[in-house]
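Colleague: Could you pick one part of this protein and take a close look at it for me, then tell me how it sits among its surroundings? Plain talk is fine; I'm a bench person.

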Amino acid sequence: MAAVLVVEDNPEHQAVLAEIVRRLGHVATVTGDGRAGLAAARADRFDLIVADVDMPHLDGIRMCQALRADPVTADVPVVLITGYLPPGDTLLTEAGAVAVVPKPFSIRDLTETLRQFLPLPPDAPFLAELMQSLDTGAIACDPQGRLVFANRAIRDFFGDDCATVPVHEWPERFHLRHHDGRPLQPEDLPLLQALAGRSVHHADLRALDRERRLRWFAINARPVRDPAGTLLGAVAAVHDVTSDHHQLQYEKCKAEVLQALVHAPDVQHAGRAVLRSVSTCLDWPYLRLWLVDEVTDRLRPEVTHTAGGALDIPFPPSLNRGQGLAGRCWQTGELVWVPDIHAGDSPVLPLVRSTGYRAAGAVPVLSAEQVVGVLTFFTPGRQDPEPALAVLLTGIAGLLGAYLERRRSDELQNQLAASIGEYIALVGHELRTPLTSIATYTDLIAESGDDTTIGEVRDLLAVIERNNARLRTLVERLLDLSALESGHAGLTVGTVDVSAVLRAAVATVIADSGEPADRIRTDLPDRLQISGDQARLRQVAENLIGNAVKYSPAGSAVTVTLTAEEDAAVLTVTDAGMGIPEGERNRLFARLYRATNARHSGIPGAGLGLALSRAIVELHRGTITLTAGDAGGTIATVRLPLSPTSP
């Protein structure tokens, strides 16, 4: 048993160094600074000195130099530990240390370094105790491949009965694999390779522990021979490198997520790419991205990823705050980890617990410090909380939140940049066109001869009157839109039957367009009430239905439907018209903007109906979107909250 002097001023590091020395079967004496360490080394004989470099009173380098200069201590090996100087610094090499260990260090690395300068305990009980106390797995077999020793680290992982299993049966019995997932054949087992006379260095292996968690190992194995060269058996050291493997996994996952978000054109593509990357890198079979629905203030599933062969989960279509795992995460704004979804305090919904999954988790997606979504995952094996994994998931959720914020910011900036120039040009166009007609026809009247008949003048005045009405309507709608957007025009809120509003709007559009009544097909409930401004909502309905009729071929059907989805009323207006060119759909909500195909169709319009509709819908805390129909045309969708709305 050797005597080891530990010179370290950090109490926590003192405890670690002393424990490593104890596990190696030796006795540690601890001092708190270089001056005390030097005095202790001169007072007693030590077999090894382990010292920190950066210490008060006397640093490790000067202490080492003093030891080398003293004949009593000149031959005592010194191992220096440094977080201050790089290991190759000339000050360290000139100090006379036998080894330099940089901070941060791992238990395994420091143990291997100290073992080089310490003798093995001479008695078998010490050696046996040492082997049992090692964190590194140790295993040995006889020439016939029968296990003769497996230390506590091995038994804790594979079970106490592992010593009764023949070595060649281990790959099948314990589901051993290479790191890439390929099954490990018996002849590939490092212990059997050593038994065949080969030394094995850092062979890779992965296995499921007793909790069915994946663990990764690096294994060294050597044959054991007597002085005459006769094979006595083989030994192997099994190093758990799971944390190192996870670190590589996490770095790869983060890189893939970043790459996916850089190229994703929209939230759907971004969500699918992120969930696929996380599933592949972390071997999680089921993930789901929930986003907060601003209309209903509920969580709704946006993207779901299910790996091949994985079970689907029967989630409800939406969740309230605090409801289920995702709702709990939304409510707290913090990562929620559930190592066992069947535990009594599990927040997972009962219908989810009946699936074959065992562990789950949820991480909030934040945008501007507000929870805008939740990322959930489910795994068939136990998944304990890991700090590094929690950091990764929080980082991925942060990247998703930043992507959502950037997309929203980019859209607003693009709309603003485009609308400024377009607005000036479009206002000029929409104002100049009727003003030109008014001016020219006024000139024609002024230049008409005295013999011009009243009928001819009346025709010219009709053109002036028509353009004057168009100009007046344009100005009034622009002022109305500005008042809505600036907040100067509020809502007159009351209980509104949306079904009745839509029936009245359909009747108005039919009367104004002169179309047959069966041109517009409706699918409306008898009654569906919300809180809102009846006149403004009718204005939205007439705009959307009128556009559908105006931009559709004669005789084609326009369909108006109204449904209730939990906390939202959903209106859709579907037509089979000319559609909207790709890339112009969102721009149609800008003032005076008309799609290129509509501007050149000869169909009159000012490009204000959709802008007014969006302003009204947003004042009702709803959303309005335009999408392409499956067979062409356009689908306009309005979602309005069923809960009371404040103006």
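Modeller: One bit of vocabulary before anything else: helices (H or I, at least four residues) and strands (E, at least two) are DSSP runs, numbered from the N terminus. Also keep in mind that this is a predicted model. By that naming, the protein has 19 helices and 22 strands. Of its 647 residues, 45% are buried. Among contacts with a separation of 6 or more, 60% are between residues 24 or more positions apart.

A quick warm-up on the way to the main part. Pro 104 is in the loop between strand E5 (99–102) and H5. The peptide bond leading into that proline from Lys 103 is cis, with omega near -5°. Most peptide bonds are trans.

Past that loop, helix H5 (residues 107–115) packs against helix H1 (residues 11–23), with the axes 10 Å apart and an angle of about 55°. That angle is why H1 counts as oblique to H5. Their crossing is right-handed. On the H1 side, the residues that meet H5 are Val 16, Leu 17, Ile 20 and Val 21, and their partners in H5 are Ile 107, Leu 110, Thr 111 and Leu 114. Sorted by class, this H1–H5 contact has seven nonpolar residues, one polar and no charged ones.

Now for the part I'd like you to zoom in on: helix H12 and what lies around it. In H12 (residues 324–332), the buried residues are Gly 324, Leu 325, Ala 326, Gly 327, Cys 329 and Trp 330. Strands E11, E12 (298–306), E13, E14 and E15 are among the elements that cover those buried residues. Just after H12 comes Gly 333, with a positive phi of about 70°.

Thr 376 is a good place to stand and look around. This threonine is in strand E15. Its relative accessibility is 2%; the cut-off for buried is under 20%, so Thr 376 counts as buried. Setting aside neighbours within four places in sequence, Thr 376 is in contact with Leu 325 and Ala 326, and also with Tyr 286, Leu 287, Arg 288, Trp 290, Gly 361 and Ala 362. Leu 325 and Ala 326 are two of the buried residues of H12.

Tyr 286 takes us to the aromatic residues. The structure holds 13 aromatic pairs. In one of them, Tyr 286 and Tyr 357 are tilted, with 6.1 Å from centre to centre and 55° between the planes. The two partners come from distant parts of the chain, 71 residues apart: Tyr 286 is in strand E11 (residues 286–293), and Tyr 357 is in the loop between helix H13 (350–353) and strand E14 (359–367). Both tyrosines are buried.

Another pair joins two more of the strands around H12. Trp 337 and Phe 377 have ring centres 5.9 Å apart and planes at 75°, so that pair is edge-to-face. It also links distant parts of the chain, with Trp 337 in strand E13 (residues 336–338), Phe 377 in strand E15 (residues 370–379), and their positions 40 residues apart. Trp 337 and Phe 377 are both buried.

Elsewhere in the chain, Phe 157, Phe 158, Trp 170, Phe 174 and Phe 217 form one aromatic cluster.

Two backbone spots deserve a click as well. Most residues other than glycine have a negative phi. His 57 has a positive phi of about 70°. His 57 sits in the loop between strand E3 (48–52) and helix H3 (60–69), and with a relative accessible area of 52% it is exposed. Arg 621 also has a positive phi, near 60°; this arginine is in the loop between helix H19 (609–619) and strand E21 (623–628).

Helix H19 also contains Ser 613. Its relative accessibility is 0%, so Ser 613 counts as buried. Leaving out residues up to four places away in sequence, Ser 613 touches Val 540, Asn 543 and Ile 624.

If you only open one view, make it Thr 376 in E15, with its contacts Leu 325 and Ala 326 shown alongside.

How values were computed. Residues are numbered from 1 along each chain as its sequence is written. This is a predicted model: local features need pLDDT of at least 70, side-chain atom pairs count only at pLDDT 80 or more; totals for chains, interfaces and linings use all residues. Side-chain values use heavy atoms; hydrogens and water are left out. Axes are lines fitted to C-alpha atoms, for helices over the stretch in contact, and angles run from 0 to 180 degrees between N-to-C directions. Angles under 35 degrees count as roughly parallel, over 145 as roughly antiparallel, 65 to 115 as roughly perpendicular and the rest as oblique. A crossing is left-handed if the near helix is turned anticlockwise from the far one by less than a right angle, and right-handed if clockwise. Contact means heavy atoms within 4.5 Å. Ala, Val, Leu, Ile, Met, Phe, Trp, Tyr, Cys and Pro count as nonpolar, Asp, Glu, Lys and Arg as charged, and the others, Gly among them, as polar. Rings of Phe, Tyr and Trp (its six-membered ring) pair if their centres lie within 6.5 Å; planes under 30 degrees apart count as stacked, over 60 as edge-to-face and the rest as tilted. Buried means under 20% relative accessible area, exposed over 50%, partly exposed in between (1.4 Å probe, protein chains only).
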